[in-house]
Amino acid sequence: MNSCKFSPSILFTLTVVWLGGCTIIPSPDPYPHQPPAEIVNEAKVISRKLESYINQWLRGEVSAQIPSEVLPASLADNKNFVLRRPQDIDPRDLWITRERESVNLLALRSGVPDPNATYLLLKTPLAPFGHKVVMQGEFPRARFFGIQITPPVDGYGYYPNRVFGSGEVPLTDVDIKPMPGHTNPYNVGADRLARNRSYRVSFTLKTGDPVALNPSFRPPYRGRGNSRVGSFLVYQGPWGTNAPFGLDFGKGDWELGALWVRIYAPDRGTSALGGVHHPRVWFESPRGEKYVITSDASRIEGRIHDTAPARVTAPQEPRPEFEGPTLGWNKSFGILLSLLETASQVNSWDSKSNFTQIRNVDKGATGRGYAARPPHNYEPHATSATHNSYIGRSMSLGDGKVIVLTGKLPTFPKQGKRMTSGQVRYWSVSGYDTNIYAKLPGVVLHSIMDEEVVLDRNRYYVIAYSQPEDRPINATHKNGVTWKNWGPTATQSLVMRYLTVRPEWSFRFSPDEINLPWKKTARSSPLYDRRLLNTNDWNGFMGPYLPRIHYLTREQFEKLPSPVRAQDVPLWN
């Protein structure tokens with residue numbers, strides 16, 4: 001055993017991990033973990049057992065309480081499953097809801113959320129193959145609305161702990177056909193404020209090739225129609241029974257999947273759901289019989305709603321080996337992969353053999369890799385928004401210092417009567433405490449979304465971060481500067497979200513996987529091109545649309561010309 005350190009800068013970690021005394025890199029699990037056909041057949045056996053019980057209940061022959069022997073013993077997040085009639089359920093009770101909210105440094109939430117977004121997660125995603133999940137509601141008044149379901153079971157992709165692994169199948173706002181006489185407000189030129197704005201979509205639960213069953217489940221993830229194919233049963237892979245670092249994933253092969261709803265930037269003056277109610281959800285058998293399944297989801301609800309105050313740490317100067325002035329940004333192609341790549345950078349493990357092992361560990365645990373079969377070689381990964389590209393880096397703030405980002409902001413739709421096109425649908429930059437030894441890793445400490453950024457006539461910006469007592473006197477909106485409180489945690493992960501929905505909301509320098517594919521942009525890839533993102537200048541692929549990072553004293557910042565321009569901020573040397 002060799003000691004290793006996992007930096008507070010580990011990006012995108014959504015679960016509490018204890019990594020003390022770990023080996024340098026875990027040993028990879030063989031891939032595939034089991035023959036894919038055997039995995040699919042086992043899933044079908046579980047499904048048939050559940051379907052048989054549901055049919056008996058629909059005939060009035062058994063109790064509504066589903067016996068434990070009907071379900072896999074490894075289900076860890078939910079218990080006490082009960083069959084119900086849809087008309088007996090308040091739609092609000094079917095969802096775990098994390099509303100958009102202002103950052104409160106005394107009560108922070110984990111999971112690397114964007115505080116400008118509202119997230120809905122179906123509490124009890126459980127139904128047999130061949131059945132449908134129907135969702136009916138109103139289009140929110142918001143910048144973006146997306147629905148995602150875990151993909152069909154194919155035996156090649158894994159979904160350990162409902163956090164790592166395969167990306168979900170998307171159904172994107174602009175592709176949804178509204179109900180007769182209603183308006184989809186996300187089409188370019190549509191009335192964003194239309195009164196009649198209802199939709200109904202469905203997801204058929206199946207096994208099989210996720211891409212063949214969902215032709216729209218390939219970049220750029222667009223396809224008309226209100227139906228997609230997914231699964232509520234997911235295979236956890238080897239980490240379901242033998243996870244490293246003491247992780248407890250329920251000790252079994254199977255877990256529940258997910259049905260996600262994301263509402264980015266609900267209109268100002270509306271509710272966190274964009275002025276609409278929670279959508280109704282019900283399940284339908286092949287014969288059209290309707291039902292829902294509820295459960296005690298307090299374990300996962302606790303993880304989602306738990307809060308903690310910001311950690312107070314001593315000022316920390318940036319560490320040159322992984323936070324220095326020549327280093328730029330990294331792109332996420334998976335939570336586990338980002339964790340291992342960042343650990344490699346922190347511990348100076350960068351070598352051909354270590355990167356090979358990192359790729360093998362990620363593939364063995366999640367079934368993913370740039371050379372894997374589709375969709376397991378796509379950019380989106382478990383729990384990520386399909387149309388987002390996540391760009392991040394670590395940064396530390398020393399005593400009396402100011403961190404500055406300068407760059408050019410893409411165009412985006414603005415709140416108003418009509419939906420407009422743009423280069424992105426949404427953009428934000430947020431700071432996170434991702435230290436794995438914190439009570440809640442991945443809490444958001446500050447966040448700025450696109451419409452909050454002060455821009456000059458050419459759309460360039462200057463964003464300054466400091467402690468409140470170190471705020472430069474000229475760091476004001478009037479002087480061309482967007483200022484944010486860095487918060488009391490010195491070392492953070494800065495994460496940008498570029499949400500592009502091609503072709504209406506995209507641009508030449510978009511960091512999506514069409515422009516910046518896995519094999520060239522992931523640090524562990526043998527074809528990695530550092531010049532694309534990992535340089536602290538405007539000479540990479542994205543030019544000024546990827547910000548430079550600067551590091552100044554308060555006094556240096558206060559000497560800048562007024563108004564402060566991006567081009568006047570001195571380079572960090």
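Between which two strands is the loop that holds Val112? Val112 sits in the loop between strand E3 (108-109) and strand E4 (117-122). Helices (H or I, at least four residues) and strands (E, at least two) are DSSP runs here, numbered from the N terminus.

A quick word on ground rules. This is a predicted model, so local features need pLDDT of at least 70 and side-chain atom pairs count only at pLDDT 80 or more, while totals for chains, interfaces and linings use all residues. Residues are numbered from 1 along each chain as its sequence is written, and side-chain values use heavy atoms, with hydrogens and water left out.

**Backbone oddities**

Back to Val112: its phi is near 50°, a positive value in a residue other than glycine. Because its relative accessibility is 10%, Val112 counts as buried; buried means under 20% relative accessible area, exposed over 50%, and partly exposed in between (1.4 Å probe, protein chains only). Val112 also has a partner from far along the chain: Pro441 is 329 residues apart from Val112 in sequence, yet the two are 8.2 Å apart in space, C-alpha to C-alpha.

Asn80 has a positive phi too, near 55°, and is likewise a residue other than glycine. Asn80 is placed in strand E1, and it counts as partly exposed because its relative accessibility is 47%. One residue that touches Asn80 is Thr294, which also touches Phe81, Val82, Arg84, Ile89, Leu94 and Thr124, not counting residues up to four places away in sequence (contact means heavy atoms within 4.5 Å). Thr294 belongs to strand E14 and, at 17% relative accessibility, counts as buried.

There are cis peptide bonds to note as well. One runs from Pro219 to Pro220, with omega near 5°, and Pro220 is found in the loop between helix H2 (210-213) and strand E9 (227-230). Another joins Arg502 and Pro503, with omega about 0°; Pro503 lies in the loop between strand E23 (491-499) and helix H8 (518-521).

**Two helices**

Here are H1 and H7 side by side. The expected span of a helix is 1.5 Å times one less than its number of residues.

| Helix | Residues in helix | C-alpha end to end | Expected span | Citation |
|---|---|---|---|---|
| H1 | 23 residues | 33 Å | 33 Å | agrees |
| H7 (352-366) | 15 residues | 21 Å | 21 Å | close |

The buried residues of H1 include Ile39, Val40, Ile46, Leu50, Tyr53 and Trp57. The buried residues of H1 pack against strand E1 (79-84), strand E10 (233-235), strand E11 (254-256) and strand E14 (290-296). After H1 comes Gly60, with a positive phi near 75°.

In H7, the buried set is Asn354, Phe355, Ile358, Val361, Asp362, Gly364, Ala365 and Thr366. These buried residues pack against helix H3 (239-242), helix H6 (335-346) and H8. H7 is followed by Gly367, whose phi is positive, near 80°.

**Cores**

A nonpolar core is a set of buried Ala, Val, Leu, Ile, Met, Phe, Trp, Tyr and Cys residues joined through side-chain atoms within 4.5 Å. The largest such core has 89 residues, and Phe145 and Ile147 touch the most other members. Helix H1 (residues 36-58) gives the most to this core, with 9 residues. Leaving aside neighbours within four places in sequence, Phe145 is in contact with residues including Met135, Phe139, Pro140, Ile176, Tyr186, Tyr199, Val261 and Ile263. A second, separate core of 30 residues includes Leu397, Ile448, Met496 and Met542.

**A pocket**

What is the volume of the second largest pocket? About 470 Å³. On a 1 Å grid over the protein atoms alone, a pocket is an open set of points where a 1.4 Å probe fits, with protein on both sides within 12 Å along at least five of seven lines, and lining residues have an atom within 4 Å of a point. The volume is the space filled by probe spheres set on the points, which are joined across faces, edges and corners.

Of the 26 lining residues, the closest to the centre of this pocket are Glu101, Pro115, Asn116, Met449 and Glu452. Strands E6 (142-149), E12 (259-266), E20 (443-449) and E22 (482-485) each supply at least two lining residues, and E20 gives the most, with 4 residues.
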